[in-house]
Number of protein chains: 2
Amino acid sequence: MSLTTAARVRPTGQDHYSISEVASYTGLSAHTLRWYERIGLLNDVHRSHTGQRLYTDADLDWLDLIGKLRLTGMPVADMVRYAELVRAGDDTFTARVQLFREHREVVRQQIADLQSTLAVLDFKIDFYEGAASRCTP
Amino acid sequence: MSLTTAARVRPTGQDHYSISEVASYTGLSAHTLRWYERIGLLNDVHRSHTGQRLYTDADLDWLDLIGKLRLTGMPVADMVRYAELVRAGDDTFTARVQLFREHREVVRQQIADLQSTLAVLDFKIDFYEGAASRCTP
DNA sequence: TACTGACTTGGAGTGCACTCCAAGCAACAA
DNA sequence: TTGTTGCTTGGAGTGCACTCCAAGTCAGTA
């Protein structure tokens, strides 16, 4: 759910990255990157003359955003929907902002839920520590 | 991920609730409640003379806790592990508190991730609204 | 030339957390 | 007596998000 041990550095600013460089940067597997492309979550990636994928900085920016949304539990289908809106052009600004507004509420609710759970965890930990200290005074 | 339209009220304080009452209270389905019991996430539930489940207030308390942990994305297997520790008795206090400490860090990281996403969403929404207001001044 | 390693594909497989199904039983209403 | 409702079971099915596989291509090195 969090960072991997990958480098997470954009290799050189060369604006064309191999799939393994992108995998290492994003923490996604090469499999997943190809799958994202297949389902339309990523625009068709440029190819070298031998057919290998060359990702651009714009692709990495997009993957950064997707990664954030994914961390919030947004379903892949919803992210694909957003990708389609972006591809459809500037007429979809209203739809996009609405999608984000709705998702912002979801995220706020999640934060509230997590904070309430955090309170419970704190309480439980205090309880168990209190019990332990009473057992070993 | 959040509340359903269910009642979410403990019916009467009668200390024995049918599976459908518990389903309505917790927002889980009756299927899921039986499944939780089967996998050991819930202790064996008391039965009526006809074999129907009668949940106690203690069961509801437990389900409240499980629900909190579930909201934080704790895997069911980990929750089962905790349930086993509780069943194993007071010798497992240390293990339990360690489990909670570790999970607390996970939850804190999730909150941080969500807040960073929230900032991105705010930025995107401001951007799209700015663009919209420039188009329709 | 032979090998290694990184890449390509479509389709099949995996793990998780449910979710449903078919068949059956008990209590109650018309 | 005949429904209807609500419950029971083990096992099979579902949807999601990957994850892997087999067979093949290409570039670079020994």
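Copies are superposed here by least squares on the C-alpha atoms of residues with pLDDT of at least 70 in both. This is a predicted model: local features need pLDDT of at least 70, side-chain atom pairs count only at pLDDT 80 or more, and totals for chains, interfaces and linings use all residues. Residues are numbered from 1 along each chain as its sequence is written, with chains lettered from A and ligands numbered from 1 in the order in which they are written.

**Stop 1: the two copies.** Select chains A and B. A turn of 180 degrees and a shift of 0.0 Å along the axis lay chain A on chain B, with an RMSD of 0.0 Å. The two copies are thus related as by a two-fold rotation axis. Now pick A:Ile111. Its C-alpha lies 2.9 Å from the rotation axis, the closest in chain A.

**Stop 2: the A–B interface.** Here 32 residues of chain A are in contact (C-beta atoms, placed from the backbone, within 7 Å) with 33 residues of chain B. Select α3 (57–71) and α5 (93–135) of chain A, the elements that give two or more residues to this side. Helices are DSSP runs of H or I, at least four residues, numbered from the N terminus. α5(A) gives the most, 25 residues. By class, the side of chain A that touches chain B has 16 nonpolar, 9 polar and 7 charged residues. Of the contact residues of chain A, 100% recur in chain B.

**Stop 3: DNA strand D.** Show the 17 residues around the strand (C-beta atom, placed from the backbone, within 6 Å). A:Pro75, A:Val76, B:Ser18, B:Ser20 and B:Arg53 come nearest. Then select α2 (30–38) and α4 (76–88) of chain A, plus α1 (19–26) and α2 (30–38) of chain B; each gives two or more residues.

Terms used
Two residues are in contact if their C-beta atoms, placed from the backbone, lie within 7 Å. Ala, Val, Leu, Ile, Met, Phe, Trp, Tyr, Cys and Pro count as nonpolar, Asp, Glu, Lys and Arg as charged, and the others, Gly among them, as polar.
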